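Here is a brief report on a structural model. Look over the sequence and coordinates, then read on.

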Amino acid sequence: MKQNLAQETVPVSAAARRERKKIRLREELGWFAFILPVVLGVIIFSLYPMLVSLWYSFFRTYTGTTNMPDFVVNGVNNFGLFNYRRLFTLDSEVWIALRVTFTYAVVVIPLALILSFLLALLLNSKVKGIGVFRVIYYLPVIIPTTISGLLWADFFDARFGLANQILTSMGLPASDFLTSASTAMPTFMSIQLWTLGASMILWLSALKNVPQSLIESAKLDGAGPVVRLWKVIIPICTPILFYNLITGLIGALQMYGPVMTLLGQSGAGPDNSLLFFAYKSYGTAFMSWEMGYACALAWFLFVIIAVLTGLAFRTNRWVYYGDGG
Amino acid sequence: MKNAARVKKHAVTAVTYAGLILLSLFFLFPFLFMFFKSVMGDLESYGTYGVHFFPQEWHFENYLKIFDADFIRYFRNTMIVVVCNIVLIPLAASVCAYGFARGSFRGKNFWFTVVLGTVMLPGAVTQVPVYILFRMFNLTGTLAPLIIPGIFGGGALNIFLTRQFIRSLPREMDEAATIDGAGKFTIFARIILPLCKPILIYMVINTFMTSWRDFDSALVYIGNTSSSSEWHTLALGIYYKFMISGTNDVYPNLQMATGVVTVLPVAVLFLIFQRQLIDGVVMTGTKE
């Protein structure tokens, strides 16, 4: 910009200036062509559907895969706040789904943060062959959703599963695991233990970025290992903490694949004990084909996510962003 | 004194290793469980004679039984999606990333922010209209919805990573080529793209793994109708065949053998490229 100003001070004819403007425009369009795919992509697959789903959410729609919510199919009378009334006052499953989702989030996110941090601390120790352990701990993260569901459904099968075999062989009572409302959620939560590697890797990189000099000077000031952890290491790792918090929350609010593949036919678990909000919204759209209501559910979810992430960003003064800020 | 310190140090190392190895067993457990069950006999895997972790008899021939017509069809479909995506996504992402890294045009920062912002958009909000859009073109129930979005930029995070990478490349070569009269696209194709090899490799491997594993979008866009089952991918086909079909007549050993075969390609790729993949995860995670 400053360069341009300097050039403008040299007197030039109007024609030359127009010519330069044209070249400049061609230059800009040439660059824009490179990002055109993603601009179109954002419009077609994000911005347009986002607005359209808000529009659809005001239509009452009926079962049937050929229905597309609009005035022609639905008639003007079927435009209104039906879906929102249903969501807030009639459909008790919405509140069950919110409770299930937030119970999961409130327990699993902090627990996973702490446990993966402990794993990272262990992996940060300087012993030979540590790289092998890092790979092993991360490995379960790569198991495809379907296979993970297949595998844990078999392991936690109440009648023929190995899990109950292990419990009874240790003299403990057998559990119903996924087949009873009180044990389904704890079972589902414990399966997430195997994917701790994902956030562990992030913690590990944060730990590696803690300047050694800072730790040394803390040591010289007489800070023990616990004080060093609380006053030096954890504050520097707060951006990762924040990132894990946000992605954990968004992940919980979008959970449907893992529950469906684990539970098979009944994607909601016994007595809706594993009825995640995202599954409710998926099922409404693609099992009962109530597209309008599904969009209302999705927008409700979207507003919740937006408010929560907004709150997280507004209260993130505890996050350390380097010396600059 | 010195001796005591050394003993203490050795003790700490020993305890560390003990902990590391115990946890390894925990994290390897799903793989061991799946593998041992996959080589059991039919009834043993079902638990008829009691539930075992180690197989009593080893039936490696189970691995020959799983390659039926269904599996071959799932595999073919998965490979179509994977091959298209590992070519299209890195290419599309690097074209867009080049524009963002080296271009100067109005609205560049605006669009870059918008692109990155889409990462925060929950899938549920766009799912229904995108589904209806694909249905208008008669593409639901086919593999197309799993491939087409990749053409449009290859994903925000891939663009972000590649842009960072291109920005770290020296500009001298582009400038020299410009003086020699090379256009933007020539510079991109001849100079930038070859230098992007490390990040391209990362994107190819990462795309392979995500396309191979994808369940969520296959479920939505392909679904389970009489015509769409022709296009089931591995992740989707296994779900419908083993978990939804009412008869459930496939023994657990064959289910697990299918699982092992499905995990194997991603596990091998991960083991070979683990450094690049983990670095990529870390880079996207610490982008702030």
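Leaving aside its neighbours within four places in sequence, with which residues is Phe276(A) in contact?

## A core residue and its contacts

The model is predicted. In it, Phe276(A) is in contact with Ala97(A), Val100(A) and Thr101(A). Met255(A), Tyr256(A) and Val259(A) complete the list, with neighbours within four places in sequence left aside.

Phe276(A) also stands out in the largest nonpolar core, which has 141 residues. Phe276(A) and Cys96(B) have the most contacts inside that core. Helix H4 of chain B, residues 69-102, gives the most to the core: 13 residues.

## The interface between chains A and B

On chain A, 76 residues are in contact with chain B, and 76 residues of chain B take part in turn. Helix H2 of chain A, residues 14-56, supplies the largest share of the chain A side, with 21 residues.

What is the make-up of the chain A side that touches chain B, in nonpolar, polar and charged residues? The division is 56 nonpolar, 18 polar and two charged.

## Domains of chain A

Chain A is divided into two parts: domain 1 spans 2-45, and domain 2 spans 89-318. Taken over C-alpha atoms, the centres of these domains of chain A are separated by 47 Å.

## Confidence

Chain A has an average pLDDT of 85. At least 70 is reached by 90% of its residues. Among the elements of chain A, helix H9 (residues 181-191) has the highest mean pLDDT, 94. Helix H1 (residues 2-8) of chain A has the lowest, 51. Where pLDDT is low, predicted coordinates should not be read in detail.

Terms used:
Residues are numbered from 1 along each chain as its sequence is written. Chains are lettered from A and ligands numbered from 1 in the order in which they are written. This is a predicted model: local features need pLDDT of at least 70, side-chain atom pairs count only at pLDDT 80 or more; totals for chains, interfaces and linings use all residues. A nonpolar core is a set of buried Ala, Val, Leu, Ile, Met, Phe, Trp, Tyr and Cys residues joined through C-beta atoms within 7 Å. A residue is buried if 20 or more other C-beta atoms lie within 10 Å of its own, exposed if 12 or fewer, and partly exposed in between; C-beta atoms are placed from the backbone. Helices (H or I, at least four residues) and strands (E, at least two) are DSSP runs, numbered from the N terminus. Two residues are in contact if their C-beta atoms, placed from the backbone, lie within 7 Å. Domain bounds come from an automatic or database domain assignment. Ala, Val, Leu, Ile, Met, Phe, Trp, Tyr, Cys and Pro count as nonpolar, Asp, Glu, Lys and Arg as charged, and the others, Gly among them, as polar. pLDDT is the predictor's confidence in each residue, from 0 to 100.
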